[in-house]
Amino acid sequence: MKILPIKIENFSYTVKDNEILKNINIFSEEKKITIIAGNNGSGKTTLLKFMHGLIDDPSNSITWGRNHTSEIKEKQSMVFQNPILLNRTTFENILYVAKKKRVNERNSVNKIIEKLNIESISKTDARYLSGGEKQKVAIAMSIIGNPKIIFLDEPTSQLDPVYKNEIESIISDLSKDDTKIFMTSHDISQIKRIGEEIIFLDKGEIIFSGRVKEFLNKKTNDVIKNYINYG
Amino acid sequence: MLSNILETAFNLIFTLNEDLIEIISLSLKVTMSALVISVIISIPFGAFLVLYRNKLQSIVILISNTLMGMPPVVLGLIIYTLVSKRGIFGFLDILYTPSAMIVAQTLLITPIVVSLTYEEIYKKYKDYYLFLNSLNLSNFSKLKTLIYECRYALITVTLTGFGRASAEVGAVMIVGGNINHFTRVMTTAIAFETSKGSIELAVALGLILILISFIITLIIKSLRKIK
């Protein structure tokens, strides 16, 4: 099943007369890391949730290849800004997702634990993990079943530089493994390090969409200029 | 005088007095039966209400919360009219039997267990909403996960129901009739023995009730720590 190109056409999203997303148009056909950036309240997370299917799309304005979001739901996963883990051990958390995705359970779980180098916390209850460890477990849960698309909502915003670096290299590896990544980020240096494509939102509207290199040279727009200078 | 009463009461307990044991056994049988029936109905139902949020759900929660505060004697009276010979369930012929007492206790604690279950599951669902929906799970699968994740809280809810049922006197007195060796339970026996001045057995039963309450509190406290 082809999931690219992803196409969003004229999507708007309003909550109680407040237009969160305005006339969104996106076209992306490469398996690269696409960063969704913008200032606070610009609609980044809402856009990500919409793409993942957590917000209904009654007008079917999004297509993945020739499919609608509901048809490829099992091929995607999402990591949230505040990792959501069950009150179980690391292993059991990953196993839970494996069971729900009907993949070869224990084998896959052990492979992913090894891949993300989290063997030392595999028997630790999720409640006792640090922020960085929780985020790694959440990523482990998101990659089980080899999803074709992963959405990451500011996955490193609350992490120290060491964990940030670790998570970034995991994300880069995933991208090389043929997974399309959509990731929101505030951090301009992170965007420079791992971003390839960027969609920049301002007050719910896309004001830039293209290569990160082009974005970084775009000095004509004040919002983008300030974002690059102070981000 | 008090020391004499206590001495006799402890004596009844430690010599495993036959009447005492019979009353305690029936009390536990009635309460446990009501609790099991109530939990089987209420926990899935409370969780179901969280997942299927609509107008009906608000009404059910409102009714459930209202019934939580219903005086047991009124509930006893309602059940009495329903199961008495002229009542619509008179054909069941359960008035003044342990079955009627089980029905009364079940109806008494079900609203409590439903409301508390709803609250616990709702709190958890708010935390897991994005995660569970992200996995594209069926509502049944979400329901199972939420109940499992709330397991300690739900044991506390169950114990709260047990505490409420075991301490109840009004409704079981009305529908059970407090018949000796047949429908006499701890609470009705305490009321009856006290009224006829035979306070030793009442005190012994009171001590057992306090002990049960103490054990429940201890379990709830330790489960809260785990939670």
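**Exercise 1. The three-stranded sheet of chain A**

In what order do the strands of the open three-stranded sheet of chain A lie, and which pairing do they have? Work out the edges, the twist and the helix that packs on the sheet as well.

*Solution.* A friendly reminder before you start: this is a predicted model.

Step 1. Reading across the sheet gives β2-β1-β4 of chain A, and the pairing is antiparallel.

Step 2. Now look for the edges. β2 (18-28) and β4 (62-64) of chain A each have a single partner strand, so one side of each has no neighbour in the sheet.

Step 3. For the twist, ignore direction: neighbouring strands of this sheet are turned by 20° against each other on average.

Step 4. Finally, add the helix. Residues 44-52 of chain A form α1, which packs on the sheet and touches β1, β2 and β4 of chain A. The direction of α1 makes about 60° with that of β2(A).

**Exercise 2. A hairpin, residue by residue**

Follow the ladder between β1 and β2 of chain A down to the turn, and find the residue there with a positive phi.

*Solution.*

Step 1. Strand β1 covers residues 6-15 of chain A, and seven bridges join it to β2(A) in an antiparallel run.

Step 2. Walk along the pairs. Thr14(A) stands opposite Glu19(A) of β2(A), and Val15(A) has Asn18(A) as its bridge partner.

Step 3. Two residues lie between the strands of this hairpin. Lys16(A) is the residue to pick, with a positive phi near 45°.

**Exercise 3. The six-stranded sheet of chain A**

Write down the strand order of the six-stranded open sheet of chain A, then place a helix on it.

*Solution.*

Step 1. The order is β5-β6-β7-β3-β8-β9 of chain A, with mixed pairing.

Step 2. β5 and β9 (205-211) of chain A are the edge strands; each has a single partner, so one side of each is left without a neighbour in the sheet.

Step 3. From one strand to the next, the twist averages 15°.

Step 4. Zoom in on one edge. β8 (residues 197-202) of chain A is joined to β9(A) by six bridges, and the two run antiparallel. One of these links pairs Ile199(A) with Ser209(A).

Step 5. Place the helix: α5 (residues 161-176) of chain A lies across β3 (33-38), β6 (149-153) and β7 (180-185) of chain A. Its angle to β7(A) is about 150°.

**Exercise 4. Helix packing in chain B**

Classify how α5 of chain B packs against α7(B) and against α4(B).

*Solution.*

Step 1. Get an overview. Chain B has 10 helices and zero strands, and 39% of its 227 residues count as buried. Its C-alpha atoms fill a box of roughly 65 × 45 × 25 Å along the principal axes.

Step 2. Take α5 (residues 98-134) and α7 (residues 151-166) of chain B. They pack at an angle of about 155°, with their axes 9 Å apart. Angles over 145 degrees count as roughly antiparallel, so α5(B) is roughly antiparallel to α7(B). The crossing is right-handed.

Step 3. Inspect the contact. Residues of α5(B) including Leu108(B), Ile112(B) and Leu116(B) meet a set in α7(B) that includes Leu154(B), Val157(B) and Gly161(B). By class, this contact has nine nonpolar, four polar and two charged residues.

Step 4. Repeat for α4 (residues 72-83) of chain B. Its axis comes within 10 Å of that of α5(B), and they cross at roughly 135°. The two helices are therefore oblique to each other, and α4(B) passes α5(B) in a right-handed crossing.

Step 5. Here Pro72(B), Leu75(B), Gly76(B), Ile79(B) and Val83(B) of α4(B) meet Ala100(B), Val103(B), Ala104(B), Leu107(B) and Leu108(B) of α5(B). The count by class is nine nonpolar, one polar and no charged residues.

**Exercise 5. One serine, and the interface**

Decide whether Ser213(B) is buried, exposed or in between, then describe the contact of the two chains.

*Solution.*

Step 1. Ser213(B) belongs to helix α10 (residues 199-226) of chain B.

Step 2. Count neighbours: Ser213(B) has 14 C-beta neighbours inside 10 Å, so it counts as partly exposed.

Step 3. Check a partner. Ala167(B) is 46 residues away along the chain, yet the two C-alpha atoms are separated by 8.9 Å.

Step 4. Turn to the interface, where chain A gives 12 residues and chain B gives 10 residues. On the side of chain A, β5 (76-79) and α2 (90-100) each supply at least two residues. That side divides into six nonpolar, three polar and three charged residues.

Key
Residues are numbered from 1 along each chain as its sequence is written. Chains are lettered from A and ligands numbered from 1 in the order in which they are written. This is a predicted model: local features need pLDDT of at least 70, side-chain atom pairs count only at pLDDT 80 or more; totals for chains, interfaces and linings use all residues. Two residues are in contact if their C-beta atoms, placed from the backbone, lie within 7 Å. Helices (H or I, at least four residues) and strands (E, at least two) are DSSP runs, numbered from the N terminus. Ala, Val, Leu, Ile, Met, Phe, Trp, Tyr, Cys and Pro count as nonpolar, Asp, Glu, Lys and Arg as charged, and the others, Gly among them, as polar. Two strands pair if DSSP finds at least two bridges between them. Axes are lines fitted to C-alpha atoms, for helices over the stretch in contact, and angles run from 0 to 180 degrees between N-to-C directions. Angles under 35 degrees count as roughly parallel, over 145 as roughly antiparallel, 65 to 115 as roughly perpendicular and the rest as oblique. A crossing is left-handed if the near helix is turned anticlockwise from the far one by less than a right angle, and right-handed if clockwise. A residue is buried if 20 or more other C-beta atoms lie within 10 Å of its own, exposed if 12 or fewer, and partly exposed in between; C-beta atoms are placed from the backbone.
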